[in-house]
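Student: I have a model open on my screen and I'd like some help reading it. Could you walk me through it?

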Amino acid sequence: MKTLILYSSYDGQTQKIAQFLAEKLGAQVRSINDNVTDLAEFDRIIIGASIRYGHFNKLLYKFIEKNTALLNHKQTAFFGVNLTARKADKNTPETNVYVRKFLQRIAWKPTCAAVFAGALLYPRYGWFDRMMIRFIMKITGGETDTSKEIEYTDWQKVAVFAEQIKQLN
């Protein structure tokens, strides 16, 4: 089954997850920023996107709006990546406010969906992002040491999602 994984990533963690899934599924990986015009060639399409300051990339919405009809006639999956998902009560499509609202807002109805915790990469952020993300982490009970990089992604959960996608018919 010919599979395409598209991703939208701010700091690279969503891309890393997309590449991990591609290895498990034998899929091609492309950025949502690429001019992807050959969607009809694929049997299965997976889209992954990360949150920054409470929002998905606007290009993600434009891409989905443009391709909703095609996406709704294929086997599809969506995964959201955000730091909120580091908390056990916010790591499913039903309990993660960002993914839940996203899926309610769009006309595309993915066959399956998942949410994964991202990574906190303080040293790689510019000054403004480092301070803003530190402030958000402080009010949400997260790590505030700006010298740290922490990967919250549960790779076993990502592997289970890959198996779930393999079972799609």
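Tutor: We'll take the sheet, the helices, the domains and the charged pairs in turn. Keep in mind that this is a predicted model.

Student: Let's start with the sheet. What is the order of the strands?

Tutor: The general idea: strands of a sheet pair through backbone hydrogen bonds, either parallel or antiparallel. Here five strands form an open sheet in the order E2-E1-E3-E4-E5, and the pairing is parallel. Strand E2 (28-31) and strand E5 (112-117) are the edge strands, each with a single partner, so one side of each has no neighbour in the sheet. From one strand to the next, the twist averages 20 degrees.

Student: Can we zoom in on one pair? Over how many bridges do E3 and E4 pair?

Tutor: Seven bridges, in the parallel sense, join strand E3 (residues 44-50) to strand E4 (residues 75-82). If you want a spot to click on, take Ile46, whose bridge partner in E4 is Ala77.

Student: And the helices? Which strands does helix H5 lie across?

Tutor: Helix H5 (residues 155-166) lies across E3, E4 and E5, and runs at about 170 degrees to E5. Helix H3 (residues 97-105) lies across E4 and E5, at about 145 degrees to E4.

Student: Which residues does Leu103 touch, leaving out those up to four places away in sequence?

Tutor: Leu103 belongs to helix H3. Its contacts, with that exclusion, are Phe78, Pro93, Lys109, Pro110 and Ala113. Leu103 and Pro93 are ten residues apart along the chain, and their C-alpha atoms are separated by 8.4 Å.

Student: Now the domains. How is the chain divided?

Tutor: Domain 1 takes 3-118 + 153-167, and domain 2 takes 120-151. Their C-alpha centres lie 24 Å apart. The contact takes eleven residues from domain 1 and 13 residues from domain 2.

Student: How do I put a number on that interface?

Tutor: The size of an interface is often given as the accessible area lost when the parts come together. In this model about 920 Å² is buried between domain 1 and domain 2, with carbon and sulfur atoms giving 49% of that. On the domain 1 side, Tyr53, Leu83 and Arg86 supply 51% of the area buried against domain 2, more than any other three residues. As for polar contacts, seven residue pairs are counted between the two domains.

Student: What about charges? How many salt bridges cross the interface of domain 1 and domain 2?

Tutor: Side chains of opposite charge can pair when their charged atoms come close. The count for the model comes to eight salt bridges, and two are found across the interface of domain 1 and domain 2. Look at Arg52: its salt bridge with Asp129 has the closest N and O atoms 3.4 Å apart.

Student: Which other acidic residue should I check around Arg52?

Tutor: Asp11. Arg52 also forms a salt bridge with Asp11, where the closest N and O atoms are 2.1 Å apart. That pair links distant parts of the chain, 41 residues apart: Arg52 sits in the loop between E3 and helix H2 (58-71), and Asp11 in the loop between strand E1 (3-8) and helix H1 (13-25).

Methods: Residues are numbered from 1 along each chain as its sequence is written. This is a predicted model: local features need pLDDT of at least 70, side-chain atom pairs count only at pLDDT 80 or more; totals for chains, interfaces and linings use all residues. Side-chain values use heavy atoms; hydrogens and water are left out. Two strands pair if DSSP finds at least two bridges between them. Helices (H or I, at least four residues) and strands (E, at least two) are DSSP runs, numbered from the N terminus. Axes are lines fitted to C-alpha atoms, for helices over the stretch in contact, and angles run from 0 to 180 degrees between N-to-C directions. Contact means heavy atoms within 4.5 Å. Domain bounds come from an automatic or database domain assignment. Buried area is the accessible area (1.4 Å probe) that two parts lose on being put together, summed over both. A salt bridge is a side-chain nitrogen of Lys or Arg within 4 Å of a carboxyl oxygen of Asp or Glu. A polar contact is a pair of N or O atoms within 3.5 Å; within protein, one must be able to donate a hydrogen and the other to accept it, and residues adjacent in sequence count only if both atoms are side-chain atoms.
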